[in-house]
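Dear colleague,

Please find below the structure that I promised to hand over, together with its sequence. My notes on it follow directly after.

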Amino acid sequence: MSIIDLFLLQIKIITLFGGLTIVVLSLVWLERRVLGKIQRRIGPNRVGPQGLLQSLADGIKLLVKEDIIPESADKWIYWLAPIIVFVPPFVIWITIPIASDNSVLAVNNMHLGLLFVIALTVVSITGLVMAGWGSANKYAILGGLRSTAQLISYEIPIIMVAISVLIICQTTDLKEIVDKQNIIPYAIYLPLGLLLFFIAGIAEVGRIPFDIYHAESEIVGGPFVEYSGAHWSVFYLAEYIQTFTIAVLITLLFLGGWHIPFISLQENIILGFFITIIKSYGVVLIIFWFRGTFPRMRIDQLMSFAWKVLIPLSFANVIFSSIVIFYDIPLLVLSIINILVTVLIGYVLYNKFTTPAIIDAEEMLRKARNYKLPEGI
Amino acid sequence: MTNQQSLNSVDMLLNMGPQHPSTHGVFRMVLQIDGERVIDVDPYIGYLHRGSEKLSEGEQYAQIVTLFDRLDYLANFNNELVFCMAVEKLMEVEIPERAEYIRVILCELNRIASHFLFYGTMGMDAGASTPILYGFRDREKIQSVFESVSGARMMHNYFRIGGVKEDLPTDFFEKIYWLIDEIKKGVDQADSLLSFNEIFLNRTRNIGLINAEDAIDYGLTGPNLRASGVSYDLRKNDPYSIYERFDFDIPVGDRGDVWDRYFVRVQEIRESVKIIEQALKQIPDGEITANVRRIARPPEGDIFAHAENPRGDFGVYLVSDGSDKPYRLKIRPPSFCNLMALRHMMRNAYVSDAVMILGSIDIVLGEVDR
């Protein structure tokens, strides 16, 4: 490696870091504006045009705030936890290609890129547990334990779905995976996989309806409850980068990355870059939409949902994909199987969860009219 | 080598409140938890004690109305009504028809406002961030009507012994028909956003159960009692004011879980709208206050008056010694009595459920601690 290569590498890494920070700031702004629209209010609109600089101002405020370390905290663990949460999401990005020419837009395209990404996402859990333990706060400990259970359970469906994608495209190089989807994105072949990956992805980054480990109304922020200032902002940054990473992974694995579905175009780096970004932001918007409409699940429901629904389905998905590939059945059959299973499971779940629970309002009122008070009132 | 003692595990004590986002004010409970399971709960109250009952003994009757505003601060009109009814009963004052109708309309509006806030906070406890803004939006509209009527959004001091302070403003009727439409839209939105959401149903169904017998034994009243299937509502069972003139239903739940307590309240909004619509059709012209001396001196004696507040049976026991100040005033706050069933409801709950159960009882600490 010559000195120029090293210099170029450094420039790339700095650009990546800066770009990701800008992405996070834009995501924070976008989330607040979108939530504002959903909740019939305006959202940030004072700092800069359309409030665009609000998140920057918040970031600066957080950085200059006093960083309080509780008296009884386990100081080293407390101090180290944000770093362990924060570094892996950034490291993942050295291999994520964002446009067709990866010599420009990925720091280092790996042949085992997908495995690298999946392996590194798990590391952050350690940081959350450390934060929970180190804070010496009961809410934080509850949050830390919840995060372990949740994130490990939801890692399995993510891996299994990724494996079924690997089986179809026969490569772990993210760039090649995208290039195999230049006409038909895998979302057509693997709608069930897309659904599982999306749900498990939301759970993996701990957003509503799966924000159990930092549930504001129950355990008041979970592992982050004692953190303030720069430490807290680091957690915040990591969370948004993880959200964006999941969105980009969905774009690359299922939505055809920088290709426009069903249209074969001359490859163009700039255009490809924007197509990827637009698709990823679209996925992120759906995640924000969830946040505006859904309540939070409970820890036991979350776990049973992972182990009884998501994990069996993701294993089934792997089996379907491997059978289809092994016997050279056309991929369209896979997509039909996928759609059938999705509809079937959806119908069963819908009946199981909704029918016994919903009581007709009229029925309640009819009972009210016929009711006799018990004796002795 | 028997070292069994080191294997014993100890339950964790988790202090929730008074500065917890989900304790609805300054309520504190100490949860004894085993992992995520709640084994026992110890409620602590008194952080908002202001001595309202004792203060009342030093105030003239007309001045006590302001103290009642501050008890259940989400249902100010309903509180004022109970106190005025108690004094009027003692003095045997006949209230003008128009004043009665104004009182009923405002009380029912206040019930709706309180239930909208409940809908919002319930969503908040369940982790949904949107319902609270929708609930507050609709409550805000009601409060602006209150402001045009009484001059204040919350602490109205509008009901007087023998009637109300002033007549309704001239544009009241336009406003209220608009408001009724908005309320109806708001309730439908609540149903489509939260009530039948599957996650919400999963979080609330069969949580915090209390059956009818236990509910009666604990002295639950209001929506909490009705959610357990007991159709007991003072507006029907012991009609006060002019409630027997209206046709409305009492929604009841069927198993007494968190969802029933939630949905009974949502249904009550619709029933209250019915009452308001009928009252608006029937409201006559005429006087708004009876001929009562400004400094009221009820005759010697004691009286108990109660009414159906948004939170339940709100009672006032008043002892008069014939002077211009009460000798003793005792308040029966529904939230306080409802809160007593908290421990019963929390059997085998999870930590997340604890928050939902407390939210579903819908306490107002101003009234619990008085």
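For the helix packing described below, axes are lines fitted to C-alpha atoms, for helices over the stretch in contact, and angles run from 0 to 180 degrees between N-to-C directions. Helices (H or I, at least four residues) and strands (E, at least two) are DSSP runs, numbered from the N terminus. This is a predicted model, in which local features need pLDDT of at least 70 and side-chain atom pairs count only at pLDDT 80 or more, whereas totals for chains, interfaces and linings use all residues. Residues are numbered from 1 along each chain as its sequence is written, and chains are lettered from A and ligands numbered from 1 in the order in which they are written.

**Chain A as a whole**

Chain A has 16 helices and zero strands. Of its 377 residues, 44% count as buried, where buried stands for 20 or more other C-beta atoms within 10 Å of a residue's own, exposed for 12 or fewer, and partly exposed for what lies in between, with C-beta atoms placed from the backbone. Among the contacts in chain A with a separation of 6 or more, 78% join residues that are 24 or more positions apart; two residues are in contact if their C-beta atoms, placed from the backbone, lie within 7 Å.

**Domains and helix packing in chain A**

The domain assignment divides chain A into domain 1 (1–64) and domain 2 (67–329), such bounds coming from an automatic or database domain assignment. The centres of domain 1 and domain 2 of chain A, taken over C-alpha atoms, are separated by 19 Å, and the contact takes 18 residues from domain 1 and 17 residues from domain 2. On the domain 1 side, helix 1 (3–38) and helix 2 of chain A each supply at least two residues, and helix 1 gives the most, with 14 residues. By class, that side of domain 1 has 14 nonpolar, two polar and two charged residues, where Ala, Val, Leu, Ile, Met, Phe, Trp, Tyr, Cys and Pro count as nonpolar, Asp, Glu, Lys and Arg as charged, and the others, Gly among them, as polar.

Helix 2 (residues 54–64) of chain A also packs against helix 12 (residues 229–254) of chain A, the two axes coming within 6 Å and crossing at roughly 135 degrees. Helix 2 and helix 12 of chain A are therefore oblique to each other, since angles under 35 degrees count as roughly parallel, over 145 as roughly antiparallel, 65 to 115 as roughly perpendicular and the rest as oblique. The contact is made by G59(A), L62(A) and L63(A) of helix 2 and by G229(A), A230(A), W232(A) and S233(A) of helix 12, and these residues divide into four nonpolar, three polar and no charged.

**The interface between the chains**

In the interface, 39 residues of chain A are in contact with 37 residues of chain B. Helices 7 (138–169), 11 (216–219), 13 (269–293), 14 (299–326), 15 (331–354) and 16 (361–370) of chain A each supply at least two residues of the side of chain A that touches chain B, and the largest share, six residues, comes from helix 16 of chain A. This side of chain A divides into 22 nonpolar, six polar and 11 charged residues.

**Backbone points to inspect in chain A**

The peptide bond from I208(A) to P209(A) is cis, with omega near 5 degrees, and P209(A) is found in the loop between helix 10 (191–205) and helix 11 of chain A. R40(A), in the loop between helix 1 and helix 2 of chain A, has a positive phi of about 55 degrees although it is not a glycine; with 10 C-beta neighbours inside 10 Å, R40(A) counts as exposed.

**Chain B**

Helix 4 (residues 97–126) of chain B is mostly covered, with 28 of its 30 residues buried, and just after helix 4 of chain B, G127(B) takes a positive phi of about 100 degrees. S241(B), which is found in the loop between helix 10 (234–237) and helix 11 (258–282) of chain B, has a positive phi near 50 degrees and is a residue other than glycine. In helix 11 of chain B, 18 of the 25 residues are buried, so this helix is largely enclosed by the rest of the structure. K274(B) has its place in helix 11 of chain B and is partly exposed, with 14 other C-beta atoms within 10 Å; K274(B) and F248(B) are 26 residues apart in sequence and 6.7 Å apart in space, C-alpha to C-alpha.

With best regards
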